[in-house]
Amino acid sequence: MHKRINPFRPNSPVNPGMFVGRIEEIERLESSLVQTRADQPAHFIITGERGIGKTSLMTYIRCLAQGSIVLENLKFKFLVIDVDIDRNTTQLGLIRRIECALTSELGKSEPARHFLADAWSFLKRLEVAGTKLNASGSAQCDEVLADEFANSFAAVTQRMCMQPQASGFADSFEGILVLIDEADNSSSALQLGSFLKLLLERLQRRDCNRVLVGIAGLPEVRAVLHNSHPSSLRLFEEHCLNRLSQNEVRQVLDVCIAHANDLNDEKVALTPSARDLVTRISEGYPHFIQQFGYSAFAMDVDCSIDEDDVIKGAFAPRGAMDLIGDRYYRNDFYNRIQNDSYRQVLRIMAEQNDSWVNRAHIKKHFKGTTSVLSNAIKALRDRHIILGKEGQPGVYRFQHRGFALWIKLCAQPTVVESLP
Ligand SMILES: Nc1ncnc2c1ncn2[C@@H]1O[C@H](COP(=O)(O)OP(=O)(O)OP(=O)(O)O)[C@@H](O)[C@H]1O
Ligand SMILES: [Mg+2]
């Protein structure tokens, strides 16, 4: 047991200092900020499977918008409001969260607090009136609420950007960035798509064009928005996050090791072959890289992290594969799928990595009858574990591609045995 600080972060989003890659996405998001401060907000949505790095990218964008990261002399000054969504989040909850963030950021002087209290007085009135503004509130209430909210939000934003002194605000901002993470968790009662669509339209009607909304979530978030309002998706430019390139994986490893050597007196090195091995087995999935890195770092005792440390770190009991499984996939593989034939299908598909696999291929390797196979495929699709290719019946792939990698590496002992 050594006391070195482990630089890898398998359990939390990476901080901007250790963030690697996503160059194209960052450029396009930077451009959204540029457009917004020119009164043309270009809202965005970041989608991607579990652990691919959505929250890390949101964190990066937050720092960029706040001006704590400056790229190519482009410094922004946005006020950023962070909101996470869970199953219980209501429209009123979202409104309160925004009100709270604005008040705590801007209400630093008496006149400012006065202005804000006035702008948000509708919330107090509604509470006093005891209107049933919970998830089951009537449509009419929601309308009134949405209108009043848009008025207040527009008034505060405009003051803050154009005439901050007039309301006693200490500072001016270029705009407001509202970041909504985990949006796939929205309940249908929240009606996130129509809430945002109507809000953004109302703001525009009030000439308030300095509010930028960024959403992140699993790919299902597209359906969540669409079901709530079919045209809400069109408001957002989508950035779909994929795996990192092999070079970027190496960079993540190098950045983390360099960081460890800044933090610790005891310096460590990652051997080139160990670095290649992590690059190979993580296949570009950020959360695999961080966990393999973490476990190999923890396994090492001689300050030279080699292939042996990587393999032991990955495949020992409570090693990286176990932890990744617990965090993301084991429940899907062993509990949500109660049937061995379903798992057999997944194993066959995982052999093809994360690519599209056709039914004939699965059938060729499947040990069981055609009807059992059909049931298995149907059950896996119903549970959104695999998805069908649009316009091509009988072609499937894993919804979460990292799941395929985990099954391949972990649930099939032969792969483990064949590792060097
Ligand atoms: N660009 C990156 N560079 C280095 N590490 C990253 C990067 N993006 C993500 N990671 C690492 O990958 C893991 C998952 O990242 P993150 O939590 O941002 O993903 P997520 O898509 O928000 O996951 P979830 O779907 O669980 O919310 C974390 O360990 C994080 O440190
Ligand atoms: Mg996240």
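In helix α10, which covers residues 272-282, the buried residues are A274, R275, L277, V278, T279, I281 and S282. The model in which this helix is seen is a predicted one. Just after α10 comes E283, whose phi is positive, at about 45°. Two of the buried residues of α10, V278 and S282, return in the surroundings of I289, a residue of helix α11, since V278 and S282 are among the residues in contact with I289.

**Helix α11 and its two buried residues**

I289 counts as buried because 27 other C-beta atoms lie within 10 Å, and a residue needs 20 or more of these to be called buried. When neighbours within four places in sequence are left aside, the contacts of I289 are V249, V252, V278 and S282. D306 stands 17 residues from I289 along the chain, and the C-alpha atoms of the two are separated by 15 Å.

S295 also has its place in helix α11, and with 29 other C-beta atoms within 10 Å S295 is buried. Not counting residues up to four places away in sequence, S295 touches G313, A314, G319 and A320. V213, by contrast, is 82 residues from S295 in sequence and 37 Å from S295 in space, C-alpha to C-alpha.

**The surroundings of ligand 1**

Helix α11 takes part in another site as well, for α2 (54-66) and α11 (286-299) are the elements that give two or more residues to the shell around ligand 1. That shell holds 20 residues, and the closest are V14, G53, T55, S56 and P286. By character the shell divides into 8 nonpolar, 8 polar and 4 charged residues. At least three residues of the shell come from each of domain 1 (22-240) and domain 2 (246-316).

**Domains and the chain as a whole**

The domain assignment divides the chain into domain 1 (22-240), domain 2 (246-316) and domain 3 (339-417). The centres of domain 2 and domain 3, taken over C-alpha atoms, are separated by 30 Å. Where these two domains touch, 5 residues of domain 2 are in contact with 4 residues of domain 3, and on the domain 2 side these residues divide into 4 nonpolar, no polar and 1 charged.

The chain contains 18 helices and 10 strands, and its C-alpha trace spans about 70 × 60 × 35 Å along the principal axes. Of its 420 residues, 42% count as buried. Among contacts between residues at least 6 apart in sequence, 73% join residues at least 24 apart.

**The nonpolar core and helix α8**

In soluble globular proteins, nonpolar side chains tend to be buried together. Here the largest nonpolar core has 116 residues, and those with the most contacts inside this core are F78, V178, V278, F292 and M349. V278 is thus named both in this core and among the buried residues of α10. M349, for its part, touches V357, I362, I386, Y396, F398 and A404, when residues up to four places away in sequence are not counted.

Helix α8, residues 221-228, has as its buried residues V221, R222, V224, L225 and S228. Seen down the axis of α8, these residues fall within an arc of 160°, so they line one face of the helix. The elements against which the buried residues of α8 pack are β1 (44-47), α7 (192-205) and β4 (211-217).

**Residues with a positive phi**

Most residues other than glycine have a negative phi, and most peptide bonds are trans. Besides E283, already met just after α10, the residues E72 and Q191 take a positive value without being glycine.

| Residue | Phi | Place |
|---|---|---|
| E72 | near 45° | loop between α2 and β2 (78-84) |
| Q191 | near 55° | loop between β3 (175-181) and α7 |
| E283 | about 45° | just after α10 |

Are E72 and Q191 buried or exposed? E72 counts as exposed because there are 6 C-beta neighbours inside 10 Å, whereas Q191 is buried, with 22 other C-beta atoms within 10 Å. Q191 lies in the loop that leads between β3 and α7, and α7 is one of the elements against which the buried residues of α8 pack.

Notes:
Residues are numbered from 1 along each chain as its sequence is written. Chains are lettered from A and ligands numbered from 1 in the order in which they are written. This is a predicted model: local features need pLDDT of at least 70, side-chain atom pairs count only at pLDDT 80 or more; totals for chains, interfaces and linings use all residues. Domain bounds come from an automatic or database domain assignment. Two residues are in contact if their C-beta atoms, placed from the backbone, lie within 7 Å. Ala, Val, Leu, Ile, Met, Phe, Trp, Tyr, Cys and Pro count as nonpolar, Asp, Glu, Lys and Arg as charged, and the others, Gly among them, as polar. A residue is near a molecule or strand if its C-beta atom, placed from the backbone, lies within 6 Å of it. Helices (H or I, at least four residues) and strands (E, at least two) are DSSP runs, numbered from the N terminus. A residue is buried if 20 or more other C-beta atoms lie within 10 Å of its own, exposed if 12 or fewer, and partly exposed in between; C-beta atoms are placed from the backbone. The arc is that of the directions from the helix axis to the C-beta atoms. A nonpolar core is a set of buried Ala, Val, Leu, Ile, Met, Phe, Trp, Tyr and Cys residues joined through C-beta atoms within 7 Å.
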